[in-house]
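The following note sets out several points on the structure for a colleague's consideration. Each point may be checked against the coordinates.

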Amino acid sequence: MMEQQSPQRIDYGIIFPVLTLCIIGIVFLYSTTVVIQGESMAMTLRQLIWYGVGISLAALMLLFDSKLLWRMTPYVYWGSIALLIGAIFIYDRDLAAVAGARRWVTIPGINMTFQVTEFVKIPFILQLSRIVTKHNNDFSKRNNLSDFRLLGKIALYTVIPLLLILNQPDLGTALVFVAVAVSITLMSGIRWRILVPLFGVTLLVAVLFVIMVMYNRDFLQNVLGFHEYQFRRIDTWLNPTLDTSSSSYQITQTFKAIGSGGLFGKGFGVSEVYVPVRESDMIMSTIAENFGFVGASAVIFTYFLLVYNMIKVVYDTRNEFYAYIATGVITMIVFHVFENIGMNIGLLPLTGIPLPFISQGGSALIGNMMGVGLLMSMRFNHQSYFYSGSLRGRR
C-alpha cells in the first residue's frame, strides 16, 4: 500500500506573490529616490532592512498554532490598546507639528519612527476572530438575542481602538478597522434579517454625512471634530482641478504622471512629472510612469494572485478561528490596495493609505507581513486544524 503523502506545509502560493511585491517595492523605491530624485541610497537600504525584519516576523508567525494564538490573543489585544493610549503622551511632537497628527512615536537613541496604529491591526483581527468563534461555540442554537449580543461584542471591541485612532486623528486607518469589523461581522453567521436593517441605517448615516459635507460643515467640524484638511481632501476628490497650485497639486501631478506613462511607460527611472511623496503613498505613479498601463496591471494581477491563494488556504483548512483571522487579514490587504490605487487614479479621496509591500515605510510593512505569516501558519500547522471546528476544551 502506498504511503499517503503529507500536505505541503510551506505555502509558496503566498510566498512568491509577496516576494514579487517586495522586489517591485525596492526596485521602484530606488527608481523614485535615487534615479529620479537624485537622493542617496539611504532610504532604499533602510527599506531593505525593514523587508528583512518583516520577512523574519512572518517566518516567526509560523510557530504560532491555533491553541497558542487563542490563549495569547486577549493579552496581545489589550497590550496594543495600551500602546495606543501611550501614543497619546509620547507621540513625536515635531512630526505632529508638520503633519497635524499624533500617530508617530520615535524611539530615542536609534532615531526610528513607528506608526503605532499599524501594530494594532493584527491584534484587533485576532480579538474579533476569537470573540466570534467563542460566541458561536457558546451559542450553537442561534436566535435574535444571541446575534444582538454578538453584534454588541464586535462593536465594543471595535469602538475602543477606533476612538483612540480617531483622536490622533487618522481617518484612513480608522476606515481599515471599520472594513475589517464589517467583513468579520458578515462572516460571523449573524442573520440577514438583522444585518440588512443595520446596513440600511449605516447607508442612511453615510448619505446624511455627504449632505452635511455639502451644506453644514460647521456641525461636522465643531461637534464631531472633523478637521479642515479632511474637507479639503473631499473637495479635491470631487473636483481635482479645484486648486492645482495647493490642495489639488499632488493629485493632479499624480494624474499627469500616470497618464504620461501610456501603455508601456517611459522606461525605468524616466520621469518628467514631479509627484510629492511618490516613494510612499503615490508610488503607483512611478510604476505607471515607468512601465505604463501594462506594468500597473501586472502589479494588480500579483495582488490578485496573493489574495486568491490566501482564500484557497482557508478552504484547505478546517478551523473556524483561523477562518475569521483570514477574513480580517485579506480584508486589510484588499482595502489597502483598493484605497491606495483608487486615490492615485481619483476614484477615492486621498487618505495616506500605503500600498502593501511596495510603499516606503516599515510600520505598515511589518503589520502586513505578520498578517501573511498568520495565513501561512494555517498550512504550516495543518495537522492542528483538521477537526470539527469547535474550540471547547482549548480555552
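1. Glu289 is a suitable place to begin. In this predicted model, Glu289 is buried, with a relative accessible area of 0%. The residue lies in helix H12, which comprises residues 283-316. A relative accessible area under 20% is the criterion for burial, so a value of 0% places Glu289 in the buried class.

2. Which residue meets the side chain of Glu289 in a salt bridge from the loop between H11 and H12, 23 residues apart? The partner is Lys266, with a distance of 2.8 Å from N to O. Lys266 is situated in the loop between helix H11 (249-260) and H12, so that the pair links distant parts of the chain. Lys266 has 23% relative accessibility and therefore counts as partly exposed, whereas Glu289 is buried.

3. Glu289 has a salt bridge with Arg278 as well, and here the closest N and O atoms are 2.8 Å apart. Arg278 is in the loop between H11 and H12, 11 residues from Glu289, and this pair too links distant parts of the chain. At 1% relative accessibility, Arg278 counts as buried. Salt bridges join Lys266, Glu272, Arg278 and Glu289 in a network.

4. The structure contains six salt bridges. One of them is formed by Lys121 and Glu118, whose closest N and O atoms are 2.8 Å apart. Are these two residues buried or exposed? Both Lys121 and Glu118 are buried.

5. Helix H12 also holds Gly295. With a relative accessibility of 15%, Gly295 counts as buried, because the limit for that class is under 20%. The C-alpha atoms of Gly295 and Gly265 are separated by 7.9 Å, although the two residues are 30 positions apart along the chain.

6. For the chain as a whole, the secondary structure consists of 14 helices and two strands. The chain has 395 residues, of which 49% count as buried. Among contacts with a separation of 6 or more, 70% are accounted for by residues 24 or more positions apart. The accessible surface of the chain comes to about 19,100 Å², and carbon and sulfur atoms contribute 66% of that area.

7. Helix H2 covers residues 42-61, a total of 20 residues. From its first C-alpha to its last, H2 reaches 29 Å, which is close to the 28 Å expected at 1.5 Å a residue. The buried residues in H2 are Met43, Thr44, Gln47, Trp50, Tyr51, Gly54, Ala58 and Met61. They cover an arc of only 110° around the axis, and therefore lie on the same side of H2. As a general matter, an α-helix has 3.6 residues a turn, so residues three or four places apart point the same way.

8. Helix H8 (residues 192-215) permits a similar check of its span. Its 24 residues should span 34 Å at 1.5 Å a residue, and the end C-alpha atoms are 34 Å apart, in agreement with that expectation. Which residues of H8 are buried? They are Ile194, Leu195 and Val213.

9. A nonpolar patch on the surface is formed by Ile23, Val27, Tyr30, Val35, Met41, Leu45, Leu48, Phe268 and Phe291, which together have about 740 Å² of accessible area. Helix H1 (12-36) and H2 are the elements that give two or more residues to the patch. The most is given by H1, with four residues. Ile23 has its place in helix H1. At 54% relative accessibility, Ile23 counts as exposed, because the exposed class begins over 50%.

10. The last point concerns Asn368. This residue lies in helix H14, which runs over residues 363-380. Asn368 has a relative accessible area of 3% and is therefore buried. Which residues are in contact with Asn368, leaving aside its neighbours within four places in sequence? They are Met332, Ile333, Pro356 and Phe357.

Definitions and conventions. Residues are numbered from 1 along each chain as its sequence is written. This is a predicted model: local features need pLDDT of at least 70, side-chain atom pairs count only at pLDDT 80 or more; totals for chains, interfaces and linings use all residues. Side-chain values use heavy atoms; hydrogens and water are left out. The expected span of a helix is 1.5 Å times one less than its number of residues. Buried means under 20% relative accessible area, exposed over 50%, partly exposed in between (1.4 Å probe, protein chains only). The arc is that of the directions from the helix axis to the C-beta atoms. Contact means heavy atoms within 4.5 Å. Accessible areas come from the Shrake-Rupley method with a 1.4 Å probe; for residues, only the protein chains shown count as cover. Patches are made of residues with over 30% relative accessible area and no salt bridge: like charges are joined within 9 Å, nonpolar side chains (Val, Leu, Ile, Met, Phe, Trp, Tyr) within 5 Å. A salt bridge is a side-chain nitrogen of Lys or Arg within 4 Å of a carboxyl oxygen of Asp or Glu.
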